[in-house]
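User: I have a structure open here and would like to talk through a few of its side-chain contacts and surface features. Could you take me through them?

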Amino acid sequence: MARHQLDYFYGLVTVHVKGTLIEAFLQACTREGTYITNVKHISPNEIEMTIRLKDWTIYRKLRKKYHCKIKIVNRKGIPFLYHRMITKKAVLAAFICGIFALLLLANTLWSVQIKGLPPELEATVESQLEEYGVNEGKLTIGMKDPNEVQRLLLEDVPDLLWIGVKKKGTSYQLYGVMKTRQDPDETTRPADLVASKKGMITKMFITKGRPLVSVNEVVEKGTKLATGELKEDSDEYVEAEGEVIAETWYKAEVKVPSTKQLQLTDGEKSSSYALIVGSLRIPLWGWWNDDTKGMRMEEDEKQWEVFGWELPFKLQVKSMYSENSNINELTSEQSIKQGTLTAKRTLRQQLSEEAEIIEEKVLHQSEENGKVKLILLFKVHENIAVTKYITQGD
């Protein structure tokens with residue numbers, strides 16, 4: 001923050017100084033660490049200058065020693081504004097009540113608009129919104145944010161293909177798209193089911209077509225699992241459908257550090273508050289806690305609105321938690337557990353949601369360069385059947 005902005009925050013006083021030892025008086029004040037600006041010479045024995053409020057006691061102490069008279073000409077800054085406010089209690093109370101009422105009205109949800117959906121689905125969405133606490137007349141403080149509402153609606157209302165949720169001022173605006181049901185017969189094309197990877201079949205359920213493999217049979221990638229040809233050497237074809245669950249195998253190699261660094265906090269917290277106006281940050285309280293050395297900091301900014309218009313200032317809250325760093329040596333079991341967990345997460349990203357990891361096994365374990373190297377084997381149950389359309393000439 002610029003120096004003059006900080007000085008305004010702490011308070012500035014313009015004073016008229018009169019005396020025969022003005023130069024010596026100023027030099028003595030400067031040696032005491034005071035800060036002087038806007039020095040104006042009126043006569044050889046008179047000047048006007050601006051000083052900081054917190055240096056006032058130093059000037060009062062030195063004026064007697066150097067036989068100077070000091071008269072206050074002007075005062076400005078936050079401390080003086082605050083003093084004027086508290087001396088007029090009725091005005092202050094009205095001002096606080098007005099601000100409180102304004103913030104209350106500005107943070108109340110006044111309307112919910114839903115567009116793009118048929119009436120039945122719109123009523124379902126309204127019912128779900130009430131369950132989430134998003135309805136007219138409620139305070140928006142603590143209300144679920146639009147992204148969270150969008151995610152919940154897409155999970156809880158199966159007929160929704162997509163819905164956009166936007167908070168605009170004191171209203172929520174939603175625009176949804178309903179799923180369209182397509183008659184499967186319209187898109188049926190002759191097709192077989194083939195294996196997408198090597199595996200041993202554990203379970204199969206063919207709803208259309210003729211199965212060509214059986215349970216406990218090991219199949220290679222590309223093996224035809226079911227055919228859309230209803231009878232051998234006939235021209236009657238359907239699109240084969242179904243699931244073929246197989247046991248598949250994945251090998252993974254991971255390296256786990258043999259030590260683990262933990263950042264621990266004892267729960268002690270200190271906070272600071274500041275008003276953000278554009279690029280200007282005005283500390284309100286707790287600014288002496290802003291030293292983040294050895295601390296974990298969490299920062300939150302609250303934007304206030306008045307009837308949909310964002311106010312040009314925000315409240316910034318910084319919470320600092322003390323942290324201690326500990327380095328722990330991992331045991332062999334902990335290394336295997338962590339490495340297995342990491343490999344599982346990576347494998348999960350490659351598998352479908354329905355796939356199930358049923359077993360994991362450590363094939364090899366070694367340690368080198370401060371890391372534990374693991375080679376793991378995973379057994380997975382997953383659907384390996386994929387549709388392969390029959391083209392003319394197959």
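Analyst: Gladly, and please keep in mind that this is a predicted model. A good place to begin is Arg151, which forms a salt bridge with Glu148, with the closest N and O atoms 2.8 Å apart.

User: Where do Arg151 and Glu148 sit relative to each other in helix 7?

Analyst: Helix 7 covers residues 146–156, and because the two residues are three apart within that helix, about one helical turn separates Arg151 from Glu148.

User: And are they buried or exposed?

Analyst: Both fall in the intermediate class: Arg151 has a relative accessible area of 38% and is partly exposed, and Glu148, at 27% relative accessibility, also counts as partly exposed.

User: Which salt bridge links distant parts of the chain?

Analyst: One such pair is Glu220 with Lys198, whose closest N and O atoms are 4.0 Å apart. The two are 22 residues apart, with Glu220 in the loop between strand 11 (218–219) and strand 12 (224–227) and Lys198 in the loop between strand 8 (191–195) and strand 9 (199–208). Glu220 is partly exposed at 45% relative accessibility, and Lys198 is partly exposed at 43%.

User: What about Glu298, which residue does its side chain meet?

Analyst: The side chain of Glu298 meets that of Arg296 in a salt bridge, at 2.6 Å from N to O. Glu298 has a relative accessible area of 39%, which places it in the partly exposed class, and Arg296 is partly exposed as well, at 30%.

User: Which residues are joined into one network by salt bridges that share partners?

Analyst: That takes us back to the pair we started with, since Glu148, Arg151 and Glu155 are joined into one network by salt bridges with shared partners.

User: How many salt bridges are there by this rule?

Analyst: The count comes to twelve salt bridges.

User: Switching topic, what lines the second largest pocket?

Analyst: The second largest pocket has a volume of about 300 Å³ and is lined by 16 residues, of which Thr140, Lys167, Lys302, Gln303 and Glu305 lie nearest its centre. Strand 16 supplies the largest share of that lining, with four residues. Sorted by class, the lining has seven charged, five nonpolar and four polar residues.

User: Which residues make the nonpolar surface patch?

Analyst: Tyr10, Tyr273, Leu284, Trp285, Trp287 and Trp288 make up a nonpolar surface patch of about 630 Å². Of these, Trp288 lies in the loop between strand 15 (280–285) and strand 16 (295–306), and at 48% relative accessibility Trp288 counts as partly exposed.

User: While we are at strand 15, how far is Arg281 from Leu315?

Analyst: Arg281, which is found in strand 15, lies 9.7 Å from Leu315, C-alpha to C-alpha, although the two are 34 residues apart in sequence. Arg281 is partly exposed, at 23% relative accessibility.

User: Last one, which residues other than glycine have a positive phi?

Analyst: Among them are Asn38, with phi near 50°, and Asn216, with phi near 75°. As background, most residues other than glycine have a negative phi. Asn38 is placed in strand 2 (residues 36–43) and is exposed, with a relative accessible area of 59%, while Asn216 lies in the loop between strand 10 (210–211) and strand 11 and counts as exposed at 56%.

Terms used:
Residues numbered from 1 in each chain as written. Predicted model: local features only at pLDDT ≥ 70, side-chain atom pairs only at ≥ 80, totals over all residues. Heavy atoms only, no water. Patch = residues over 30% accessible without salt bridge, like charges linked within 9 Å, V, L, I, M, F, W, Y side chains within 5 Å. Areas by Shrake-Rupley, 256 points an atom, 1.4 Å probe, with all protein chains shown as cover. Buried < 20%, exposed > 50% of the residue type's maximum accessible area, 1.4 Å probe, protein only. 1 Å grid on protein atoms, 1.4 Å probe; cavity = no way out; pocket = protein on both sides within 12 Å on 5 of 7 lines; lining within 4 Å. Points joined across faces, edges and corners; volume = space filled by probe spheres on them. Nonpolar A, V, L, I, M, F, W, Y, C, P; charged D, E, K, R; others polar.
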